[in-house]
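Reader: Hi! I'm new to reading structures, and I'd like a close look at just one part of this one. Could you pick a strand and walk me through what surrounds it?

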Amino acid sequence: MVIDKDINEQIKWAQINADVLRSMENPRKAYWITFFICIAMVACAVVAEIYQYQTGLGVTNLNNPHMWGMYISTFVFWIGMSHSGTLLSAILHIIHADWRKPIYRFAEAMTTFSLLTAGFFPLIHLGRVWNFYWVVPYVSSRGIWPNFRSPLSWDAFAISTYLSASMLFLFIGMIPDLAICRDNAKGFKKKLYGALSLGWVGSDRQWRHFRKTYLLMACFLIPLAVSVHSIVSSDFAMSIMPGWHVTSFPPYFVAGALYSGCAAIITLFIMLRYFFRFEEYMTLAIMEKTCKLTFAIAMVWTYLNLIEFAATWYGHDPYAKEVLISKATGPYAWIFWTMIFCGSVVPFALAIQSWRRHMPTMFVVSLLLNLSMYFERWMIVAPTLSMSMEPHQFYIMYASVVQWAIVFGSFGWFGLLFLVFVKVFPSVSMYEVKEMVFHRRRLINEDAETALHRRTGDTQPGLTQPA
Amino acid sequence: MIGKMKRRDFLKALGLGGTATLAGCDLPTTVTLEEGKEDVVSYLLPDEYVIPGIAVWYASTCTQCAAGCGIHGRVREGRVLKIEGNPEAPINAGKTCQMGQAGLQGHYNPDRITTPMVREGGKLVPTTWEKAQALLSEKVGAKASLNADRVAWFTGTLSGHQRALVSNHLDAIGSKQHFAHEVVNASVWQAVSRDMLDDPMPRIRLDKAKLILSFGADFLGTWVSPVHFAGQYAKFRTAADRGALIQVESKMSMTGGSADLWVAIRPGTEGALALGLANYLVANGVSAAALSAEVRDKIAAHDLQKVAATTGIATAQIERIGKALKSRNPSVVLAGASVEGQAQGYDAVAAIMLLNVLLGNIGTTIEPSGKFPFPQLEAKTGGTRDLLAFAQAVQQKQLDVVFVYGANPVYSAPAALKLDEQLNNVPFKVVLAQFPDETAMHADLVLPVSSYLEDWGTHVAAYQAEQSQIAVQQPLMQKLYGDTRGFGDVMVTLLAMRNAAQWGAFADNYAYMKNVFANMKTSVGQAALSADEFWNNSLQTGMVKVDAPVRKHTVKPVVPNVAASSTDAAYPFYLVPSPRMGLYDGRHANLPWLQESPDQIAKVVWDSWAEMHPSTAEKLGIAHGDVIKVESEHGALEVKAYLVKAIHPDAISIPLGQGHTEYGRYAKGRGVNPLKILKPITDTKTGELAMYATRVKVSKTGKQETIIRLGHSDTQHGRRLARTVSVDVLKRTKGA
Amino acid sequence: MVRWVNKHVAKFAGVAAPRALHHVSWIAAVALVWAVTSAVSFAQDIVPPVGTHQGEDVVQPIEFPHNIHVEVNKINCMYCHTYARRSKVAGIPPTSKCMGCHKIIATDKPRIQKLTEYWQKGESPKWKKVHDVPDYVHFTHERHLKKFVFDPDYPVENVKEICAVCHGQLKEMTVAKKVKPLNMGWCVSCHEKNGGPSDCWKCHK
Amino acid sequence: MSLKNVFENWSTYRKGAEEGGYHTYEHRWTMAINLDLCIGCNACSTACYAENNLAVVGEKRFAKGQAMHWLRIERYWDEEGKDHPENGASFLPMMCQQCGSATCEPVCPVAATYHTPDGLNAQVYNRCIGSRYCSNNCPFRVRYFNFYSYYESAWPEPLNLQLNPDLTVRDKGVMEKCTFCVQRIRVAKDKAKMENRKLQDGEFVTACAQACPTSAIVFGDTLNPESKVGKLWKQHQVKRGVYKQTKEDPQLRGYRIFEELNVDPSVMYLERVRDTTI
């Protein structure tokens, strides 16, 4: 069994700065290519959306029983994706798992950006998007209000809150690093970072404020993250439709969210590690830990799946049972079984150490997990619609080009935001890595010296300061 | 009052009372709220009976089929918006079928002919009425030199004063040539009842019957007077002891859908089954004394085994039906188009009528009808014999001038008759049409006629209910297109050309009608009223009640020579060109509502399809939705296969109505027309076209298409949405 | 203002690095602008409807002087807009009604001569619609007159006061002009005052 | 409904469906459909097209499942195993059941569908933003969405002259459904009010009930004890506001579809009868 360190504690702080700031230097060709591919994808989506806006939703091939389609499933997918950052930065933060430090920054960025992506879909799928603001409870002269009983209006609140909170969290967490950028940049960049770093000079008082705020935000964000996906799940669970009206949906959704989040983290972890040569920081050890975490979550998700199936199977609702059977045997069966395979079988690859340490394998695996998560969302939305209570209206929907284009474009949009982020902001948290290095080094020194002093009988172990 | 209404220009009122509803929900582009953007035009003179924003109902008569139902039209700001049944009308008692509802779309149809058209240099070009009239008077005017017998009228079922006008015109010319053509008809049934009961259209009392045995008579959908029978059917079902319906046919009709027992029979063997049942009844102690020895022999000759072999129905099943017939009195036995449309159609229907005689239904559930006092107004019911006769006359160049109205022979004639080409043998063809249909496109002169909601007329349905009546048709709104003319108006002008002395007096049909009514009132026992009172009453009630002396039924049984069905190795299947309530015989194919309303049994919309039994399909390796080639001796059709169990394995059923090559945006080039591949066999006795006697063979084309239909599941997955209970349970419970 | 912000942010940031504070103040300013604009964007919906509306002057084929008919001649509104009490629409009087008087009265006036021309041509003037509501709003004059004019024994001569609630003081106008908002908020406020129905389907269907 | 209104009437609004809903109903429009009389002829459906400005969507859109028929006639074959459907077909007219505790109402984010004092599920077109959640939560799948601006193609001149001015022509992006011909209800109620009298039973009926050739559809107000429909409900011992009927005579034919979901449909069907004793 290989034992290696989360991070090389001999690494110099200056080098950390250097390495991270290097990742923000002028991009290479490969970057621009990906960048423009993303722009092209977004362009497709925009064209499709304009066409849909002018012609009507019919162009998506949605139909009477199948009123919702890929828009909603993609929406749920992105919302789920957004739980990764919170998990790494907030949950692991308060349980003092310091190995998160090198990798939580981009995870958090992912959170924000996937929310920014998810936010579009409820609007895109509206029949009359130009009236979307009627969902917002503002004082209207007409004296009419949104329907507070509707999970969709809860969504509006939940998502906007979560988005603003996580953005704030990301920003606050970056302040010290932004200050570093400020000090190393010149010209316009200096102005920008100067503005963003809110005059951070790293005084004691600032650090005190900073730590408090950060912890506070973390504690605030965790219940928020949980509630958001619970509310999204209630879009389905609050209905009476067979296959949607499931009590275990909230935890199921949250687990699924964390799952997809972790999978996405692994993907990006590997990419960043490869492109920005972050081997020093995104070490195999951390990779292993992430994989283990993912594996655990995968098992939780599998368990909740089984619970749901069992509950339906032994439940009293014949319709739900029929939907379940149709999931496994009906027109969507291949999606269902792919989801089960990729979601519950493939993760066992994470349990094998030699595979865990093999980046290409992990890359493929993580993509498979993501795929399974997307299919999961589709399997939540589609089968119930295509086979609910009224047999006369059993019908399936084949998504049109428009629908595909917009879903496709959303990935481009996410990529775009992320690409911009990694070039404008430090995608590895410098100050936290420094902390990590500091603590580890101190630990080791402690061990060494206590050993020495035990021999010499010196009862006053001194502490050597880091260079 | 209506007179005034007709002349007052209504559409002026548009823009009042929020009629411009087209602006939908608040897409900024569709609503104009800025002041001074919309025009509002007031009336020139107020009409005391027209209040903007308030609807008025006027009575009239439906002409969507020949049943002659009374209707009420809802008129607002000069537009007729909705059609509903006239509760006073004895035929339909306030009800309508979907075709009646859709009449509006015939009237407002975007594809109507709006100006006269004349053929110049081989193609039709718009012209004016003046030119058209000049042409007419040159061809058929007083001075025109024409051979009287070479002038003909070709119409659909025609009755009331329209018929009177046509006969007058023919008399004025001196011709006897009036062909009346109707694809969906009951001519053979009428012939048989005429011969056996001396009553062409006996009144049928479903409401009195305890059992209906219908041999392919789609009396709820397309047979004789559907809405009337539907009303009776309701009484028949809700009666204290509920009547039972047995439907014997080779393809399930709409009526078959409501049957308690639906029996699939080999096409063309209904007569044999009827005799077989007679045989059973006689064997079980029903007296056949009333029948001649000859007839009795016929019956004796049809023992159940033989019949079972012919019809492909198990003996047990036949006995079941027989038992029901014997035990449930009174019953009524009906014969529909699929029985009539055979080479031995007459005999088959006769055999079926014999059952009524045997069971003593004559006089109980089959009542003598009233003898209509005005023969000149009686319906000239169309059939297919006249079509054949016409085709022959045309082929032998016996006609110089043909007037066509209310019929579309070029569409409905089998390709074998080659009518479309032969029509060129007629030098001058005048078509009075509302739509540019196939026949109109073959005309030398097309005269645009008003829709029935813009026109005057009277109708005398061939099938009269308890109270005989003349149904009155009046305009419910001003003409949509100023350049169209009412059929009556055209006739009056035509007649004036021949006989100015008598007909010159009438400005138009309106004047003629008023005059007619003024003379009529005494003969219908309304002498007390003034002419105007009588006129207004008739318009308000939409009918003139006529008491018709009831006929007497004298039963003269006919000897039915029912032939054993033959088999044909080359063409193994029977083609069933089934008419459907909705598109009917194809005349309603351009009404979008009816195109989009699904077929009652197959639930297919906007298209044609070929129904076949799964077992047959399996043999031929055909799957649901395969495009198949249905081929007869006289042509082939490519159409999607629709697998359904409600059909006999030997039958291939293609519904009527689609396959128009002209006619309008909704109908043109859609689906196929089974009439085209019919073999021109005729019924030996009546000479009617044997529409159901054509044999076909079926082959795959290899193409696969999706069948566009309403609903995506044929079973309820055990979720008892539409629940069924057996009648014995019903008997134990009170209530409807 | 910028200074104020600087002071307080400085307190928070715990430093006084003027460069940084400069930026802070800018951010604050931008945020402020955003807030204001977004508020304004909803304003037309948020502010309770005012009783007045500045309508445009509509050019009618004939400049019909309401003031003369209503104020000077004291003609009841429902004499010309005769459908109002029987139908959802009040209606424009038929041209014959105008001619009923103006065959004799004021025949020398240019407007009347114009009207007479129309009449002799046998057509009605194309009036322009002034008071319009969206087509998904189904207002009925009949019910409103029933409640406010006919049910309470309210002197029918004063009906113009009732009409004025929605149509403004026509006795002071020549050509009618939209002076009330006629939007939903406005209708609703009146409905709530007078216990009118609050069921959406009363007006929308 | 303004906040003021909510607060003032809170005690009434907070009542749930099991307490008969928060409504004190003026009328309770209901239907009784006798499946034994339904011959599946589509007259009702076409009448509905004529009365309610329903758009004809055309072949392609129909194929996609985007048709707009508020009232559809479902046809089922229920005889597995046999060579032929010996007892004919079962027809089922299916329209909005105007549920007493409708599942479409709570889920609409903007309250565009709500419960009227007449016990109907109103759909307010101009409030709808087209989230389509209501349709997803409707067990009967009888809500139809305007996937396109159908009116642009459905009524080419002069077909548009037939449009019924008493109700809106729907534009793209809004949900619509059977309203029990609310425009007829409104006219009749206004007329009654103008004449200071109560509504009579049968004074008006919905377009479908009016057209039905066999009078299989009976429409009326169950709160009016004299009404035909009220009598039928009583006769068949079908009660409102329950999810399981307790009949003295369980063989009575009246039943409500998906009653067990506790949606309290306003349409009572009478079982189709078939004579198996032949």
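Author: Sure, let's start with a pairing: strand 7 of chain B is joined to strand 15 (residues 401-405) of chain B by five bridges, and the two strands run parallel. Keep in mind that this is a predicted model. To see the pairing up close, find B:W153, which stands opposite B:F403 in strand 15 of chain B.

Strand 7 of chain B has another partner too. Four bridges join it to strand 8 (residues 177-180) of chain B, again running parallel. B:W153 turns up here as well, and its bridge partner in strand 8 of chain B is B:H178.

How does the chain get from one of these strands to the other? Helix 5 (residues 160-173) of chain B belongs to the picture: strand 7, helix 5 and strand 8 of chain B make a right-handed β-α-β unit.

Now for the side chains. In a regular strand, they alternate between the two faces of the sheet. So which residues of strand 7 of chain B are buried on each side? On one side you'll find B:V151, B:W153 and B:T155, on the other B:A152 and B:F154, and all are buried, so both faces are covered. In other words, five of the five residues in strand 7 (residues 151-155) of chain B are buried, so the strand is largely enclosed by the rest of the structure.

For contrast, try helix 11 (residues 304-311) of chain B, where the buried residues are B:L304, B:V307, B:A308, B:T310 and B:T311. Why do they sit on the same side of helix 11 of chain B? Because they cover an arc of only 165 degrees around the axis. The face turned away from that buried side carries the exposed residues B:Q305 and B:A309. And what do the buried residues of helix 11 of chain B pack against? They pack against helix 9 (270-283) and helix 12 (315-327) of chain B. Just after helix 11 of chain B, look for B:G312, which takes a positive phi of about 75 degrees.

One last stop, if you zoom out to where chain B meets chain D: the contact takes 102 residues from chain B and 93 residues from chain D. There are eight salt bridges between the two chains. To see a salt bridge for yourself, look at the side chains of B:R328 and D:D275, which meet at 2.8 Å, N to O.

Terms used
Residues are numbered from 1 along each chain as its sequence is written. Chains are lettered from A and ligands numbered from 1 in the order in which they are written. This is a predicted model: local features need pLDDT of at least 70, side-chain atom pairs count only at pLDDT 80 or more; totals for chains, interfaces and linings use all residues. Side-chain values use heavy atoms; hydrogens and water are left out. Buried means under 20% relative accessible area, exposed over 50%, partly exposed in between (1.4 Å probe, protein chains only). The arc is that of the directions from the helix axis to the C-beta atoms. Contact means heavy atoms within 4.5 Å. Two strands pair if DSSP finds at least two bridges between them. A crossover is right-handed if, with the strands pointing away from the viewer, the path from the first strand over the helix to the second runs clockwise. A salt bridge is a side-chain nitrogen of Lys or Arg within 4 Å of a carboxyl oxygen of Asp or Glu.
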